[in-house]
Amino acid sequence: MLNSHEIALRLERILPQVQKPGRYVGGEYNQISKDWQAVATRVALAFPDIYDIGLPNLGLAIFYEQLNARPDVLAERVYCPWIDMEAHMRAEQIPLFSLESQRPVLDFDILAFTLPYETLFTNALNLLDLAGIPLKSSQRAAHHPLVIAGGHACYNPEPMADFIDAFVIGEGEEVIEEIVNTYQAWKRTGQDRRALLLALAAIPGVYVPMFYRPVFQADGTLERMETLDPAVPVNITKRMLARLPPAPSHFLVPNIEVVHNRISVEIMRGCTRGCRFCHAGMINRPVRERSIEEIVETLQTALDSTGFEEIALLSLASSDYTRITDLVDAVTTRFAGKNLVVSLPSLRIESFSVDLMEKLKGSRQGGFTLAPEAATERMRTIINKPISTEQLLETARAIYSHGWPTIKLYFMIGHPEETLEDVQAIADLCKAVLAEGRRTIGGRAQVHAGVSTFIPKPHTPFQWVSADSVEQIEAKQALLRRELRGPNLKLNWTDPRDTMLEAFLSRGDRRLGEVILGAWQRGAKFDAWQDQVRHDAWQEAIADAGLTMDFYVHRTRFVDEVFPWDHINPAVKKSYLLEEYRNSQSGILRGDCRQQCYACGILPTFTGLRRLNRGDYWKCPEVPARKTPALAE
Amino acid sequence: MIRIRLSHSKSGALRYTGNLDMQKVWERAFRRARLPLAYSQGFHPQPRINQACPLPLGFTSTAELLDVWLTDEMPLDQVRAAVEGAIPAGLKIQAVETIDLHAPALQTQVDTADYAITLHHPVDAGDLRRRIAALMDAPAVMRERRGKMYNLRPLIMAMRIFEPIGNPVRLFLTLTVREGATGRPEEVLLELGLDPFAATVERTQLRLKDLHPESL
């Protein structure tokens with residue numbers, strides 16, 4: 001294995017020959033380079049896609065700042081090399097190295113992946129391979145880095161269970177410290193790797209798959225998840241921070257163009273709307289908001305320390321932020337005249353949103369985005385996203401008349417029980433919006449429709465449903481293409497095969513480990529890249545493992561089916577999800593749970609934390625205490 | 001409004017940041033330094049920052065120039081201190097001076113540049129010397145770059161070889177960097193039969209038209 005000096009020498013020759021060599025050299029403003037010898041524990045933080053996409057990732061930024069704040073820890077970054085760079089690295093036997101010190105990842109104590117979505121799985125395997133770390137957890141020895149992962153895709157950890165030593169379920173800010181502490185204690189004792197993994201399994205919110213064995217039934221569904229050591233918990237409850245910690249502010253300032261060149265501040269976490277298709281809305285409960293003062297101070301520090309020209313105020317539903325007008329006023333007043341671009345995504349479909357955007361005085365070039373998701377009342381009731389078409393058209397009028405020539409409309413096809421009439425309604429609605437635009441501003445008006453395809457996700461009310469078949473999706477897309485032709489109408493859609501792959505991986509079980517490995521061995525990587533994804537490799541790997549995509553994607557589950565992710569507890573009860581599934585079938589809407597508690601399970605799961613954090617920091621309304629014992633602290 | 005010229009070096013990881021991206025690197029550095037940046041007029045106001053001459057990806061330089069416009073007067077030593085506290089690793093400020101607001105744009109003023117090239121692999125110095133002499137004696141050296149033929153010879157003002165004992169062979173080049181007539185060191189290396197990927201190139205001087213060429 002080459003050392004960092006030898007790696008640097010070989011890079012000298014290689015870098016001039018690859019695209020965007022700035023991806024591989026670090027050196028950004030706010031990069032933290034610590035003395036390797038002066039710390040006890042070295043963590044490599046990996047985003048399994050290229051630098052351009054990984055650098056702006058907020059999750060990695062949080063851990064980079066937080067871990068490096070510890071005097072006894074250093075954290076450095078790792079991203080995927082692009083195809084050209086990977087070829088050079090393999091040819092020259094350059095192992096995967098960190099950007100800060102150009103040290104081989106094999107020299108680190110912990111390799112931590114962030115896995116926000118499933119199409120990064122093969123990239124994670126590729127990174128392990130480039131690092132020279134055995135791909136399977138079971139093949140690793142004490143001297144190998146501990147391989148951990150967290151992020152939204154880890155709420156169903158089973159497909160990646162063979163490759164990850166320990167998963168973090170839920171919010172990582174507190175538990176990462178506990179993992180590091182546990183690692184340090186283990187290292188001092190000099191015990192074997194199993195001892196480390198057992199100690200990690202004892203940390204709330206940490207799932208160590210090697211201590212669990214899925215038992216399957218003859219029909220291929222799960223019978224139960226067996227624990228293999230009496231010390232490990234049967235269920236793993238997600239970690240949740242009672243109060244949001246200080247937001248990161250010393251962002252890395254890239255020396256090359258990346259996908260988002262900006263400061264990102266989470267104004268709140270979670271969402272109370274309860275859209276039934278939404279994974280993020282179910283797993284990020286309860287809603288917690290940062291104060292206006294904290295947000296503005298963070299922005300000031302971040303602007304001073306980065307010099308960025310753009311800020312993004314992030315949340316799942318900006319309009320729901322309690323004092324959104326005051327926040328927007330505070331931001332625009334504080335940073336007036338600084339040529340700053342402020343983005344505020346996920347606004348509700350109401351003319352008030354236009355007033356908010358108006359205050360931000362941003363460019364109108366990119367258009368104004370609205371996400372009705374569905375176009376008929378029936379569909380909107382099924383997915384629990386009620387908005388009236390009249391309100392949408394009124395909002396569209398306001399948007400056009402305030403100077404935005406383009407409205408982007410996001411829809412999803414493939415929702416449960418959707419018919420071609422519901423899809424036709426999407427086309428009709430787009431045309432109706434465009435007609436509003438024509439009436440308001442004439443021929444300049446544009447509508448861009450982004451129509452993605454619904455994927456049933458674990459831990460949502462739709463985890464039981466079958467996804468549309470490729471034929472169904474193609475028929476729906478053909479209808480849209482036929483209808484949404486003509487000047488000033490633009491349509492984007494997702495390749496059904498990409499949807500199938502993501503749907504397959506989302507609700508997978510542990511048998512998918514063999515498939516992921518097989519697909520990677522056949523050359524699959526960069527599955528999120530339309531020009532790279534290798535559907536042939538996936539098809540072969542699925543067949544080779546004796547599995548079918550249909551079983552995972554196109555099967556309506558029995559209501560009492562044991563799911564591969566049932567032992568992972570997002571603190572939203574399965575019974576609540578089932579109730580919501582049934583509500584969708586009987587046309588029952590549920591309102592914003594800030595107004596009324598529907599007993600999803602968050603409060604009984606976190607009674608202890610709730611008791612310590614009374615008041616309105618959590619946006620759950622106060623519920624009169626019941627005489628049932630608390631489930632967990 | 002004032003116009004300030006920064007002489008600086010560029011090295012380290014920033015070697016792999018191209019000219020377009022350097023514009024953003026400077027812009028953000030100046031904002032961190034809290035300089036009162038002047039912006040262009042128009043729909044998308046941009047800070048007025050003007051780099052002299054693109055440095056090819058991978059090259060280091062000890063002789064870069066850049067002009068920046070500020071809306072308010074500011075003492076030069078204060079500008080320098082503020083900028084030095086805000087630039088990323090790889091940049092070093094060498095001099096800060098005020099320039100007449102109406103002086104012509106830097107890009108139109110650059111004339112020639114010197115490059116010092118270190119060859120990574122041993123070469124037959126005598127043979128290389130002969131090849132250099134032949135190249136310099138040739139009336140024209142036609143080469144193709146991006147599908148277009150051009151004459152490399154008039155772009156080379158001077159070239160010499162340096163063989164320090166026990167150290168890698170070095171080449172010193174003076175090339176033109178005028179608008180529309182820019183000599184590229186890697187093209188010279190290729191013409192000499194050398195591998196440009198096995199060489200370290202540093203720009204060591206940038207001359208402007210109104211200055212006298214000193215060491216040609």
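Start by selecting Asn50(B) and Asp67(B): Asn50(B) has Asp67(B) as its bridge partner in strand β3(B). Keep in mind as you look around that this is a predicted model.

Now widen the selection to the strands around that pair. Asn50(B) sits in strand β2 of chain B, residues 49-51, which runs antiparallel to β3(B) and is joined to it by 3 bridges.

Next, colour residues 60-70 of chain B, which make up β3(B), and then residues 2-10 of chain B, which make up strand β1. These two strands pair in the antiparallel sense, over 8 bridges. For a landmark along this pairing, pick Leu6(B) and look across to Leu66(B), its bridge partner in β3(B).

Which strand runs parallel to β3(B)? Select residues 199-208 of chain B: this is strand β11, joined to β3(B) by 2 bridges. Click on Thr60(B) here, and you will find its bridge partner, Glu202(B), in β11(B).

If you show side chains at this stop, one general point helps: in a regular strand they alternate between the two faces of the sheet.

Now move over to chain A for a pair of helices. Select residues 175-189 of chain A for helix α6 and residues 193-201 of chain A for helix α7. Their axes lie 10 Å apart and the helices pack at an angle of about 150 degrees, in a right-handed crossing.

To see what meets in between, show Ile179(A), Thr182(A), Tyr183(A) and Trp186(A) from α6(A), together with Ala195(A), Leu196(A), Ala199(A) and Leu200(A) from α7(A). Colour this contact by residue type and you get 7 nonpolar residues, 1 polar and no charged.

Key. Residues are numbered from 1 along each chain as its sequence is written. Chains are lettered from A and ligands numbered from 1 in the order in which they are written. This is a predicted model: local features need pLDDT of at least 70, side-chain atom pairs count only at pLDDT 80 or more; totals for chains, interfaces and linings use all residues. Two strands pair if DSSP finds at least two bridges between them. Helices (H or I, at least four residues) and strands (E, at least two) are DSSP runs, numbered from the N terminus. Axes are lines fitted to C-alpha atoms, for helices over the stretch in contact, and angles run from 0 to 180 degrees between N-to-C directions. A crossing is left-handed if the near helix is turned anticlockwise from the far one by less than a right angle, and right-handed if clockwise. Two residues are in contact if their C-beta atoms, placed from the backbone, lie within 7 Å. Ala, Val, Leu, Ile, Met, Phe, Trp, Tyr, Cys and Pro count as nonpolar, Asp, Glu, Lys and Arg as charged, and the others, Gly among them, as polar.
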